[in-house]
Amino acid sequence: MTRVFMKGCEAIAEAAVRAGCRFFAGYPITPQNEIPEYFARRLPEVNGTFVQGESEVASISMVYGAASAGIRAMTSSSSPGISLKSEGISYCAAARIPMVYSNISRGGPGVGAIQPAQMDYLQATKASGNGGFEMLVFAPSTVQEAVDMTYHAFDYADRDRNPVLILADGVIGAMMEPVVLPEMKSEEEVRSIQEAKRVWACVGHKLDYPNRAWIEPGHWQTSDMQRANEEAAALYKSWEKDVQVECYQTEDAQIVITAYGISARIAKSAVNLLRKEGIRAGLIRPITVHPFPYDAIASLDYSRVKAILDVEMSIPAQMLQDVQLAVKDRCPITTCLCSGGNIMGREMIIDAVKNLLK
Amino acid sequence: MEQIYARTKAIQEDKVSGFCPGCMHGLVVKLIGEVLEEMDLVDKAACCLGIGCCGLQMDYMAYDNITSPHGRACAVATGIKRTNPDSLVFTYQGDGDFASIGLAESLSAANRGENISVIFINNGIYGMTGGQMAPTTLIGMKATTAPGGRKAEEHGYPMHMCEILNQLTAPVYLERTSCNTPANVIKTKKAIRKAFQNQLDKKGFSLVEIVTSCPTNWGLDALKSLEFLEEKMFPEFPLGVFRDR
């Protein structure tokens with residue numbers, strides 16, 4: 001295993017190729033253009049296909065088609081583009097089509113700002129399209145984590161026959177860091193993954209094939225529609241086992257910071273500095289923001305924890321709603337927020353923690 | 001006794017279509033099934049269905065199909081065909097799907113010269129949603145969203161997809177047919193066959209636009225609908241081959 005120095009967006013794309021992704025369709029939008037650009041160069045080297053779609057709407061539909069044909073497929077965008085993709089994402093979820101997409105999020109709402117932000121938490125975790133479907137949503141705080149999450153996302157997607165979202169931000173996408181890239185799946189492995197999906201893939205089957213390959217993102221019969229929704233709900237419930245969370249220095253913490261993604265990385269550094277001053281601060285970082293690690297927050301010792309500080313690059317705060325659900329009024333919760341493309345400062349967090357102790 | 005005609009095996013035996021009496025969707029679907037069977041392509045077929053009445057065949061065709069987001073069938077077909085070039089990938093779309101909400105996907109797939117076949121049903125009206133104005137609705141024709149009839153100054157003119165796509169360099173085959181007479185049914189079947197053969201020959205984008213009737217939403221009976229096709233629709237949408245390379 002060698003370490004290489006890579007930009008977040010390019011590392012995500014390379015991780016996908018190594019996981020066996022052989023189709024990417026996307027549309028340019030800042031700050032994630034390096035992802036489609038990397039795929040455009042890289043996919044032809046592994047007999048894969050890159051298409052620049054005429055829009056985000058078309059690109060996600062191309063991915064829906066390729067993934068329905070049994071190929072490991074991916075798309076990517078940034079906040080306003082993700083909204084456009086929500087149609088196709090909902091179709092993939094409804095038809096139980098495995099695919100992976102990343103949101104290198106930026107300021108919002110509307111066209112927002114092209115600088116990094118965490119304005120899409122509620123969209124990513126609660127309603128990425130119509131119809132109340134759910135997805136595993138991973139939030140990387142380093143380029144290495146973005147690589148590892150992307151690589152494994154394809155396995156989760158195939159396991160569940162469901163879309164998986166990598167919720168990153170413009171900092172993770174643009175930042176260069178040393179990373180260890182995962183092993184490249186062999187052509188035999190990639191082929192066997194595709195072959196396994198041919199039982200349901202929309203690619204043509206013999207007339208006497210007992211299990212017709214009908215990709216159905218909806219049903220004419222209400223009983224069929226309810227059954228599909230019940231099966232999906234059972235899948236979502238099974239994800240309790242997939243919750244991932246990092247609890248950093250929380251054992252004796254008086255102030256617990258909650259933050260995800262790049263904010264959590266900055267908060268971790270603030271915790272280290274606060275600890276040097278003898279202040280007992282800790283951090284709970286959801287790694288899966290959906291399903292959310294409610295238990296990690298709910299099980300804190302509230303006779304010791306004086307307050308929770310929710311840190312987000314979003315105004316208004318969004319993850320705060322999940323934190324409130326977990327805390328259940330057992331201690332005060334305050335926020336430390338920035339938005340509009342401004343990046344969270346470590347000093348802001350340190351000051352906010354000290355204010356809580358005054 | 002010698003059997004000279006049988007229902008195509010590409011349609012499931014125990015299923016019935018959900019199409020209205022006098023509608024030509026059922027006829028076109030039958031033609032597609034027959035062509036697939038005659039060309040021995042049923043086991044390679046992947047049909048990308050549009051949204052609207054075309055989706056009514058979802059449960060009774062016997063070959064693989066995928067329901068596309070509204071208007072995106074050509075994009076879905078792109079994803080399947082690019083990754084599975086051995087499959088016979090075709091879209092089946094109505095006028096709202098192909099020429100209104102899907103205009104970007106339709107034009108862009110044609111412009112890229114995707115090696116797919118498009119079966120485009122043009123009946124000048126939105127069928128499933130109940131008679132709203134389509135991009136192909138005739139001037140003066142009433143629709144529930146144009147109760148006084150389509151007015152050029154307010155709604156613009158009917159869109160001619162064969163003619164529009166004929167401005168692009170990449171498409172290889174563009175033909176407009178109908179199913180109002182036995183002769184035209186045979187022509188339509190030949191056109192579908194040609195569109196599929198082009199794909200097998202890796203030639204590129206083929207479009208068969210089929211001008212059909214919608215008795216339910218036109219407010220006419222089946223026979224009057226045929227007259228309407230000849231007297232009103234064909235002058236606006238002339239039948240013929242626009243391109244064959």
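Biologist: Which residue of β6(A) does A:Arg106 stand opposite?

Modeller: A:Arg106 stands opposite A:Pro116 in β6(A). This is a predicted model, in which local features need pLDDT of at least 70 and side-chain atom pairs count only at pLDDT 80 or more, while totals for chains, interfaces and linings use all residues. Residues are numbered from 1 along each chain as its sequence is written, chains are lettered from A and ligands numbered from 1 in the order in which they are written, and side-chain values use heavy atoms, with hydrogens and water left out.

Biologist: What makes β5 (residues 100-107) and β6 (residues 113-116) of chain A a pair, and in which sense do they run?

Modeller: Strands are DSSP runs of E with at least two residues, helices being runs of H or I with at least four, all numbered from the N terminus, and two strands pair if DSSP finds at least two bridges between them. β5(A) and β6(A) have two bridges and run antiparallel, so they satisfy that rule. Their hairpin has five residues between the strands, and A:Gly110 there takes a positive phi near 65 degrees.

Biologist: Why is A:Ser128 classed as buried or exposed as it is?

Modeller: Buried means under 20% relative accessible area, exposed over 50%, and partly exposed in between, with a 1.4 Å probe and protein chains only. A:Ser128 has 7% relative accessibility, so it counts as buried. A:Ser128 is found in the loop between α5 (121-126) and β7 (136-138) of chain A, and its side chain reaches the backbone oxygen of A:Gln123 at 2.8 Å and that of A:Ala124 at 3.3 Å.

Biologist: How do you know that β4 (residues 117-122) of chain B is largely enclosed?

Modeller: Six of its six residues are buried, so the strand is largely enclosed by the rest of the structure. B:Ser117, B:Ile119 and B:Ile121 point one way, B:Val118, B:Phe120 and B:Asn122 the other, and all are buried. β4(B) pairs in the parallel sense with β3 (residues 88-94) of chain B over five bridges, where B:Gly94 stands opposite B:Ile121, and six bridges join β4(B), again in parallel, to β6 (residues 206-211) of chain B, where B:Val118 stands opposite B:Leu207.

Biologist: In what order do the eight strands of the open sheet stand, and why is one side of each edge strand left without a neighbour?

Modeller: The order is β10(A)-β2(B)-β1(B)-β3(B)-β4(B)-β6(B)-β5(B)-β7(B), with mixed pairing. β10 of chain A and β7 (240-244) of chain B stand at the edges, each with a single partner strand, so one side of each lacks a neighbour in the sheet. At one edge, two bridges join β10 (residues 214-215) of chain A to β2(B), the strands running parallel, and A:Trp214 has B:Asn65 as its bridge partner. At the other, β5 (residues 173-178) of chain B and β7(B) pair in the antiparallel sense over four bridges.

Biologist: What makes the link between A:Glu54 and B:Arg112 a salt bridge?

Modeller: A salt bridge is a side-chain nitrogen of Lys or Arg within 4 Å of a carboxyl oxygen of Asp or Glu. In this pair N and O are 2.9 Å apart, so the rule is met. Across the interface of chain B and chain A the rule finds three salt bridges. β1 (45-49), β2 (64-67), α2 (73-83) and α4 (103-112) of chain B each supply at least two residues of the side of chain B that touches chain A, and α2(B) gives the largest share, seven residues.

Biologist: How much area do chain B and chain A bury between them?

Modeller: Buried area is the accessible area (1.4 Å probe) that two parts lose on being put together, summed over both. For chain B and chain A it is about 2900 Å², 59% of it on carbon and sulfur atoms.

Biologist: Why does the pair of B:Lys189 and B:Glu34 tie together parts that lie apart in sequence?

Modeller: The side chains of B:Lys189 and B:Glu34 meet in a salt bridge at 3.0 Å, N to O. B:Lys189 lies in helix α7 (residues 182-200) and B:Glu34 in helix α1 (residues 25-38) of chain B, so the pair joins parts 155 residues apart in sequence. With relative accessible areas of 21% and 11%, B:Lys189 is partly exposed, whereas B:Glu34 is buried. B:Glu38 also forms a salt bridge with B:Lys189, at 2.7 Å, and another with B:Arg193, at 3.0 Å. Salt bridges that share partners join B:Lys30, B:Glu34, B:Glu38, B:Lys189 and B:Arg193 into one network.

Terms used
A polar contact is a pair of N or O atoms within 3.5 Å; within protein, one must be able to donate a hydrogen and the other to accept it, and residues adjacent in sequence count only if both atoms are side-chain atoms.
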